[in-house]
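Visitor: I've got a structure open and I'd like to understand the words people use for it. Can you walk me through them?

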Protein chains: 2
Amino acid sequence: MGEFKKKIKLISRDLKYKGTIMNIYDDTVEVDGNVTHWDYMNKCDAAAVVPVLPNGNIVMVRQYRLAVDRWTLEIPAGKLDGDEEFLTCATRELEEESGYKSDNIEFLCDTYTAAAFCSEIVRIFVATNLIKGKQHFDRDEELVTEEWSLEDLKKEIYSGNIKDGKTISGIMTYAAKYNK
Amino acid sequence: MGEFKKKIKLISRDLKYKGTIMNIYDDTVEVDGNVTHWDYMNKCDAAAVVPVLPNGNIVMVRQYRLAVDRWTLEIPAGKLDGDEEFLTCATRELEEESGYKSDNIEFLCDTYTAAAFCSEIVRIFVATNLIKGKQHFDRDEELVTEEWSLEDLKKEIYSGNIKDGKTISGIMTYAAKYNK
């Protein structure tokens, strides 16, 4: 990448706020000799799962999201617990949120939540061979599970009714990769 | 949604940090009578574009993203300027970042960047009938444009090489909706 005229250099990264799940920094950045300030959020990673039933339908979760003040329809997901591996997290969140277990959870894609300002990676998996397990919500979590056909999910995405980013990435990548 | 046993109620939203592009709040939230604290980021919205050339290839942009310390491959995008409309932003960012103009920019999907903690919506469009315009980078921005086939982009997504969330949502939704 030696052709770039402008060089980006991090001068300092200063912690400004320690939140519940994120730390916020002010990055002093030199770009082509000019000093500017960029926001940076450091947040632990997460995993998400597209759970596919034998009939081809997808198990989705509906919940209230305060940050967007909306009920959303999403694929099961959650942040890594301590130094948990992505696959362990996906397996755990699948059962906790959807009530299904699976012995066949495969990598689908990785997603940067917001590469412009946030460190977070959400690794997305596909789970098949679903068997009934045990739902277990976090203390401040309440979800409703719903079964959806892939065709209906696509329509909801095209119409803008489904907006959750990791969900769109997961559902559409699943559809393309598995020729659905 | 009256069946929910737990009710989520925002008690207070307190500004904790004003950043360059985001404001960070501490939400005091009551869930089923229990008080807890959630992080909330308020950030202006953005628009993104999947620019499709007459030969079917996609115009992508490569840039260094400090927050993930990686060179990323993304679709052109940028935040709304003032009270700009999504379509105006998409039209502007398409030309500034890719150097192409278009008179045929259509809605593809909306994406919540991170509905668990962030207000941001990125509206994604598809642009066809591309004609040469004029690239114009922001002062602290440097991009390289690259032309990619949709098949090669899919492979990069399946392998985890392309990780940018809005890019995966845009590319895969485009592929499904337009039967590519």
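Visitor: What makes the meeting of Asp110(A) and Lys163(B) a salt bridge?

Guide: Keep in mind that we're looking at a predicted model. The N to O distance for Asp110(A) and Lys163(B) is 3.8 Å. The cut-off is within 4 Å, between a side-chain nitrogen of Lys or Arg and a carboxyl oxygen of Asp or Glu, so this pair gets the name. The pair also crosses between chains: Asp110(A) sits in strand β8 of chain A, while Lys163(B) is in the loop between α2 and α3 of chain B.

Visitor: Is Asp110(A) buried or exposed, and how do you know?

Guide: Asp110(A) has a relative accessibility of 3%. Buried means under 20%, so Asp110(A) counts as buried.

Visitor: Why is the pair Arg13(A) and Asp27(A) called a salt bridge?

Guide: The closest N and O atoms of Arg13(A) and Asp27(A) are 2.7 Å apart. That is within 4 Å, so the label fits. Arg13(A) belongs to strand β1 and Asp27(A) to strand β2, so the bridge ties together parts 14 residues apart in sequence.

Visitor: What makes Arg13(A) partly exposed, and what about Asp27(A)?

Guide: Arg13(A) comes in at 30%, which lies between the 20% and 50% cut-offs, so partly exposed it is. Asp27(A) has just 2%, which is under 20%, so Asp27(A) is buried.

Visitor: How do you know that Glu146(A) and Arg62(A) form a salt bridge?

Guide: Same kind of check: their closest N and O atoms are 2.6 Å apart, and that is within 4 Å, so they qualify. Glu146(A) lies in strand β10 and Arg62(A) in strand β5, so this pair links parts that are 84 residues apart in sequence.

Visitor: Why is Glu146(A) called partly exposed, but Arg62(A) buried?

Guide: The 20% cut-off runs between them. Glu146(A) has 21%, so it counts as partly exposed, whereas Arg62(A) has 18%, so it counts as buried.

Visitor: How many salt bridges are there over all chains?

Guide: By this rule, the count is 26.

Visitor: What makes you say the two copies are related as by a two-fold rotation axis?

Guide: A turn of 180° with a shift of 0.0 Å along the axis lays chain B on chain A, with an RMSD of 0.0 Å. The copies are therefore related as by a two-fold rotation axis. In chain B, Ser169(B) has the C-alpha nearest the axis, 2.2 Å from it.

Notes:
Residues numbered from 1 in each chain as written. Chains lettered and ligands numbered in written order. Predicted model: local features only at pLDDT ≥ 70, side-chain atom pairs only at ≥ 80, totals over all residues. Heavy atoms only, no water. Helix = DSSP H or I, 4+ residues; strand = E, 2+ residues; numbered from the N terminus. Buried < 20%, exposed > 50% of the residue type's maximum accessible area, 1.4 Å probe, protein only. Least-squares fit on C-alpha atoms with pLDDT ≥ 70 in both.
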